[in-house]
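Student: I have a structure open and would like to learn how to read it, feature by feature. Could you walk me through it?

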Amino acid sequence: MTHPTRVGEPPVREAPSAPAPRDRYLDLLRSLALVRVVVYHLFGWAWLTILFPSMGVMFALAGSLTARSLKRPARQVIASRLRRLLPPLWLFGAVALFLLFAAGWKPGDDPDHGGTWGLLSLAGYVLPVGAPPFPWHLGDKAGLLEDTWAVQAVGPLWYLRAYLWFVLASPLLLRAFRRAPWPTLLAPLALTALLSTDLVRIPGETGNAVSDFAVYGGCWILGFAHQEGVLARVPRYLAVSLAALAMAFGLWWASGHLGPDGWDLNDIPLAQATWSLGFVVVLLVYSPAWHRLPGRLARWDGLITLSNNRAVTIYLWHNLLIMATVPLIDMAYDVPFMTERTMAALDSTYTMWMFMLVWPLIGVMVLAVGWVEDLAARRSPRVWPDGAPKRRRGGRPAKGA
């Protein structure tokens with residue numbers, strides 16, 4: 001756009017508007033969610049699902065970002081989201097399938113995924129509309145890894161399937177939310193309650209996909225409410241009171257429907273849905289919208305920036321890297337000076353050594369394959385995108401950095 005000018009004067013153009021600064025509070029929440037996911041998959045502590053419901057938080061943040069993006073044409077937004085998601089998945093899928101086939105898995109002969117349908121379902125590693133197949137047991141329990149390593153490595157891909165469904169449905173969900181905010185927000189909760197009864201039973205992976213969509217649908221749409229300003233118009237005391245009631249109901253429901261792992265909310269869909277929804281309401285109601293991390297949090301700025309720039313890489317690879325710590329730690333048993341006492345000490349602290357080792361391995365994986373996320377986003381590849389200014393030779397920051 002140009003302003004009117006006098007004859008002979010060059011036209012004056014408006015400076016392009018600067019991109020909106022990142023909300024560092026939301027970046028902090030995403031980083032905490034990723035750390036909690038890694039810790040949960042390592043230690044398996046059920047109480048972590050109550051302390052910080054990571055999946056609900058991650059879906060809410062993704063819903064907020066998707067609602068902001070839908071100011072552009074929906075087709076462009078969906079294509080952009082797919083472009084950012086699929087290349088990192090393809091790389092992980094290629095490595096996972098190589099390991100599965102090298103270990104002797106034959107999907108055509110698998111009793112759970114046999115025949116033509118089993119081979120066709122491998123397309124889930126290319127476009128995760130459905131769950132990609134994997135064997136429940138592969139190898140020997142006494143081998144290098146447990147015979148359930150494939151489940152642990154590939155199982156977390158359910159999140160990408162649910163994310164893809166939400167992205168595809170977001171244009172319609174956002175339209176419905178703008179017309180009827182509260183019915184749209186509560187509809188997934190009602191569907192979760194219905195699926196928790198004996199009235200409706202959807203078998204197989206279809207049932208799992210519908211259940212995931214229902215359990216976390218309220219959190220995704222809550223991201224809409226945050227982005228559209230609907231949540232901000234609700235009096236804070238009322239929002240927090242309703243959230244507390246939802247969370248109390250979730251714990252009450254969980255107490256009467258404990259699963260094989262006790263209070264693990266992942267095994268109790270209705271409790272997961274209500275607790276996550278209430279928890280996310282509290283987080284978003286008190287959202288401070290930081291453009292810079294305050295106080296002591298500022299020292300973590302680089303790691304928070306890095307984890308947000310490599311969130312897909314960290315999520316995809318973390319479980320495989322957790323298992324990779326086992327053969328590395330096991331080499332310590334062959335050290336010549338190991339005694340029975342030191343071996344017993346290693347046995348008693350084994351999981352802590354896994355915890356300490358997995359983070360450097362994640363860092364190595366970020367260096368090795370994280371740049372695929374940049375290519376997927378049509379950015380120049382970056383080795384370690386932690387927000388630190390680029391430096392010239394001589395140690396001075398580069399101009400414009």
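Student: Let me start with one residue, then. Is H137 buried or exposed?

Tutor: A residue counts as exposed when its relative accessible area is over 50%. H137 has 56%, so H137 is exposed. Bear in mind that this is a predicted model.

Student: Where is H137 located, and what does H137 touch?

Tutor: H137 sits in the loop that runs between α5 (115-120) and α6 (149-154). Setting aside residues up to four places away in sequence, H137 touches D147 and T148. For a sense of distance, take W275: H137 and W275 are 138 residues apart in sequence, and their C-alpha atoms are 33 Å apart in space.

Student: W275 caught my eye. Which residue of α10 has W275 among its contacts?

Tutor: That would be M247, which is in helix α10 (residues 236-255). Apart from neighbours within four places in sequence, M247 is in contact with T274, W275, G278 and F279. The C-alpha atoms of M247 and L277 are separated by 7.8 Å, although M247 and L277 are 30 residues apart along the chain.

Student: And is M247 buried or exposed?

Tutor: Here the cut-off is under 20% for buried. The relative accessible area of M247 is 14%, so M247 is buried.

Student: Now for helix packing. How are two packed helices described?

Tutor: Two values do the job: the angle between the axes and the distance between them. Try helix α8 (residues 181-195) and helix α9 (residues 204-228), which pack at an angle of about 155° with axes 8 Å apart. Angles over 145 degrees count as roughly antiparallel, and α8 and α9 are therefore roughly antiparallel to each other. Their crossing is left-handed.

Student: Which residues of α8 and α9 meet?

Tutor: From α8 there are T184, L185, P188, L191, T192 and L195. On the α9 side, V210, S211, A214, V215, G217, G218, I221 and L222 take part. Sorted by class, this contact of α8 with α9 has nine nonpolar, five polar and no charged residues.

Student: I see D212 in the same stretch of sequence. Where is D212 found, and is D212 buried or exposed?

Tutor: D212 is found in helix α9. Its relative accessibility is 16%, so D212 counts as buried. Not counting residues up to four places away in sequence, D212 touches W158, R161, A162, F166 and G217.

Student: W158, A162 and F166 come from which helix, and what does that helix pack against?

Tutor: W158, A162 and F166 belong to α7, and in this contact α7 meets α3. The axes of helix α3 (residues 54-69) and helix α7 (residues 158-179) come within 11 Å and cross at roughly 40°. That angle makes α3 oblique to α7. The crossing of α3 past α7 is right-handed. In α3, the residues making the contact are M55, M58, F59, A62, T66 and A67. In α7, they are W158, Y159, A162, Y163, F166, S170 and L174. By class, the contact of α3 with α7 divides into eleven nonpolar, two polar and no charged residues.

Student: What about backbone angles? Which residue between α11 and α12 has a positive phi?

Tutor: Positive phi in a residue other than glycine is a feature to look for, and A289 has it, with phi near 55°. A289 lies in the loop between α11 (269-285) and α12 (301-309). At 39% relative accessibility, A289 counts as partly exposed. R378 is another non-glycine residue with positive phi, near 60°. R378 is placed in the segment after α16 (371-376), and R378 is exposed, with a relative accessible area of 68%.

Student: Stepping back, how many helices and strands are there in the protein?

Tutor: There are 16 helices and zero strands. Of the 401 residues, 44% count as buried.

Student: What do the overall dimensions tell me?

Tutor: One way to read them is to set the radius of gyration beside the value for a compact globule. With 401 residues, such a globule would be near 21 Å; the protein has 24 Å, which agrees. Along the principal axes, the C-alpha atoms fill a box of roughly 90 × 65 × 50 Å.

Student: And how much of the contact network joins distant parts of the sequence?

Tutor: Take the contacts between residues at least 6 apart in sequence: 71% of them join residues at least 24 apart.

Conventions. Residues numbered from 1 in each chain as written. Predicted model: local features only at pLDDT ≥ 70, side-chain atom pairs only at ≥ 80, totals over all residues. Heavy atoms only, no water. Axes fitted to C-alpha atoms, helices over the stretch in contact; angles between N-to-C directions. Helix = DSSP H or I, 4+ residues; strand = E, 2+ residues; numbered from the N terminus. Parallel < 35°, antiparallel > 145°, perpendicular 65-115°, else oblique. Left-handed = near helix turned anticlockwise from the far one by under 90°. Contact = heavy atoms within 4.5 Å. Nonpolar A, V, L, I, M, F, W, Y, C, P; charged D, E, K, R; others polar. Buried < 20%, exposed > 50% of the residue type's maximum accessible area, 1.4 Å probe, protein only. Rg over C-alpha atoms; globule rule 2.2 N^0.38 Å.
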